[in-house]
Amino acid sequence: MKPISRFLLIIVSCFLFGSCSEDPNLLNSLDTRFTDIDIEVIVDTLEAVSSHSFRQYIPMNGVYNMLGITGGHQAILAMQFTQGFSQRDTVEVLSAQVRLRGVTWIGDSTGMLMFNAHKILRPWNSLSVTWDSVQSAGFYEESVIRGTYSGSLKSDTGFVTFDLDTAMVRQWIRPSTFTQNGIVLVPTTGSSLARGFTAFGVDSVQYVPTLTVIARNLSGTVTDTTEFTIGNDTFLGNIDNLITDPARFYVQSGVVYRSTLMFDASPIPRGAIVNQADLILHLDRTASKLSRFSGDTLQAVHIRTSTTDSSKFETEGAIGKGGDNGSTVYELRHPVQLWVNGINNGLLIRSSSLLEFSALDQFVFHGPTSSDTALRPKVRVMYSIERRRQ
Amino acid sequence: MIRCITLFLLFIVPLVPATGGTGSNYTIFGVGDLRLAGSPRSSALGYAGSVLRDGVAINTGSPASWSGIRETTLEASLLHEGFNATDGTKSQSVSLTNFGGAAMAIPISTKFGIVAVGSMRPYSNKDYNVFTTGSQQGMDYVLNHEGSGGLGNAQIGVSFGPFPFIAVGASFNYIFGSLKSSRTLLPASFEFDGGKTTSRTTTNAVNGTFGLMINGTGGLVPLLDPLSVGFTFAPRSFLNANAELLYEFTSEADTAALSVSDILLPLSYGIGASYRVTPRWLVVADYYTQQWGTSNLGVETRDARLFGVGIERSGATTPGASWVDRIALRVGAFRHETYYIVNGEGITEMGLTGGLGVPFSGESRLTFSFEYGDRGSTGNNLIREKILRFTLGITIRELWFLTFDEEI
């Protein structure tokens, strides 16, 4: 080996030896207190500056369909049996009976449920039909009653059955260019509660809405019974004049009513890291109207993505949980961090999806102008800011 | 072969990023550690040797010294630093390797000592990774401070040495770079969100370096003829700074422009001397200072001062000399009063240096320099660092682009 090569080998070896080093981490990091910047953690409370409640008719298509009248609430049920009809032109329908499984209720539990069935005249879709579209003239055959029900259930759950007009059902099974659009169940004024019925698609086959048809051939020699259990359904609810107290804001399932809340986050400096943020709301239990089947914290708080269009919000929201002094607390780190970053379109508060599309629960919260300041909406926030060491 | 190596060093080595680990925790302050060595040779001589006009190396800190370069010279280096730091209870070893610099000198006129030099060298280096812990408002957390980047100096200049006993030089310096520092807040519990704040400051400035060198007395005082003295000076300038803040939170990110003042790059000057005791033995000493005490880095600073002395035994140049005898040997020592003031205490580094200039082809050399330094203390919430620096350089001298002045 030439001297230069030997020399280089030694040098390179030294170089490699000197390269041994550790990856700095918390365990081996030195206890240096001379870093130029530290953080200061601050706890603050933001007060709501405004709220606004509004009604927005949206499609329901939930797991339960409400039907009935309670207080100012009204819910009608639309359903259409779509599959399983064997097309026969030589039958007469002896009977047609619909069976619904009641699983929830709101209102007077001992009250009557009364409704009429009408034929729907226009095609509809449970994903798009809303209260106002059903109210438009010509949606259903208002003048002709195709079935009726009046009764009450002795317990929380039970079946409701009613007969349908056999002439109408015969049309459904007769081959022709006729298109059946199903029926709408409209509560009548004698109703004093609204019941929630399982919808098509329920896990238990025995609880699925069922149409039982008994038919006989024209010669009268064969009679058969057929059950139809596949279809579309939804309900459509409404309440007028819900917003009565400007010091409250309203969250109503089944219609729906939603509310916006606005906070001023300007006290938090830009760049602050929001470590923790909770929205605290107080429910006005007297003004609220809740069923025994829903929790009083089942609301969702979403980030609004537009200040002008209330229908635009981030789909992922925070669900409430019980807080101190009867409050409901919602985890709000992400929204508040956005506010700090300068994007503050406010919050949207709605019933959680479990309720909003399947119930008529009504939550009324103390708003920013509530006379009791302790009950006003507030955000308790903990954030960190950088401070240059002195 | 030599040309291939040269091209490699010139174009590839500058692209080598900092690799592995981190550097000193002290670089959390200001613009980081200053790179004060004008050449790998200077590193080995205790950061002295600014007045050496023998053409062996390109000392980028001393433009007047370039006038002694008589062949096209290319120089490039890598710098490896290892830090063993302790706070008195725990210790930590980290290291990093960085581009050490590259320079090219082209003699325009050997008769008049006109030499053009272009170089690219680091001006400062910032590279740290520090963890601190804390607890506030019921939140236990770790704060990770990280920093990287530094300033570089692209230099172009010329020397003029019409007489053997005097030379002057000047360079135009474009100082630029980016300083990045971040703090990552890591709460101990998932109940809390953390985040990361990164500030990135890009800077640039122009300034100049001026040098004057006097070599001997022209025979007037024979005893002082082996003595060379020199002076370098760089006026103050301002680093035009633009800063941006990047916030990375758990669920989103944000950016904001950061209003920052231009950074004062303070005036600096240095004086140096060398004495050639015999044709092969040389003694050098330098003093350099930069008035960081007047700067506006946002932290307490003081003027940086560097004292260095060194001795060199030059390699034999006589025909037939053995390869070993042709190796230049260098030793030195330095005291560097850094501009850092931490917890009210100035941080001073003292060190010993050594090095070799190993011939490998003609007048080309591989240059090795080693430094062992010590700075800081374990008192006053400071840390003490033992520093090992190793510089590997290559100096190639070729008769490229050379025009010989015709004898009249």
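Colleague: Which residue is the bridge partner of Lys119(A) in strand 8 of chain A?

Modeller: In this predicted model, Lys119(A) has Ile183(A) as its bridge partner in strand 8 of chain A.

Colleague: What makes strand 5 and strand 8 of chain A count as a pair?

Modeller: Two strands are said to pair when at least two bridges are found between them, and five bridges join strand 5 (residues 113-119) of chain A to strand 8 of chain A, so the condition is met; the two strands run antiparallel. Strand 3 (residues 73-81) of chain A also pairs with strand 8 of chain A in the antiparallel sense, over three bridges, and here Ala78(A) has Val184(A) as its bridge partner.

Colleague: Why is strand 8 of chain A called mostly covered?

Modeller: A residue is buried if 20 or more other C-beta atoms lie within 10 Å of its own, and five of the five residues in strand 8 (residues 183-187) of chain A are buried. Ile183(A), Leu185(A) and Pro187(A) point one way, while Val184(A) and Val186(A) point the other way. In a regular strand, side chains alternate between the two faces of the sheet.

Colleague: Which residues have the most contacts inside the largest nonpolar core?

Modeller: They are Leu67(A), Ile76(A), Ala78(A) and Val184(A), in a core of 101 residues.

Colleague: How do you know that this core lies between domain 1 and domain 2 of chain A?

Modeller: Domain 1 (41-56 + 256-388) and domain 2 (64-237) of chain A both give residues to this core, so it lies between them. As for Val184(A), its contacts beyond its neighbours within four places in sequence include Ile76(A), Ala78(A), His118(A) and Tyr140(A).

Methods:
Residues are numbered from 1 along each chain as its sequence is written. Chains are lettered from A and ligands numbered from 1 in the order in which they are written. This is a predicted model: local features need pLDDT of at least 70, side-chain atom pairs count only at pLDDT 80 or more; totals for chains, interfaces and linings use all residues. A residue is buried if 20 or more other C-beta atoms lie within 10 Å of its own, exposed if 12 or fewer, and partly exposed in between; C-beta atoms are placed from the backbone. Helices (H or I, at least four residues) and strands (E, at least two) are DSSP runs, numbered from the N terminus. A nonpolar core is a set of buried Ala, Val, Leu, Ile, Met, Phe, Trp, Tyr and Cys residues joined through C-beta atoms within 7 Å. Domain bounds come from an automatic or database domain assignment. Two residues are in contact if their C-beta atoms, placed from the backbone, lie within 7 Å.
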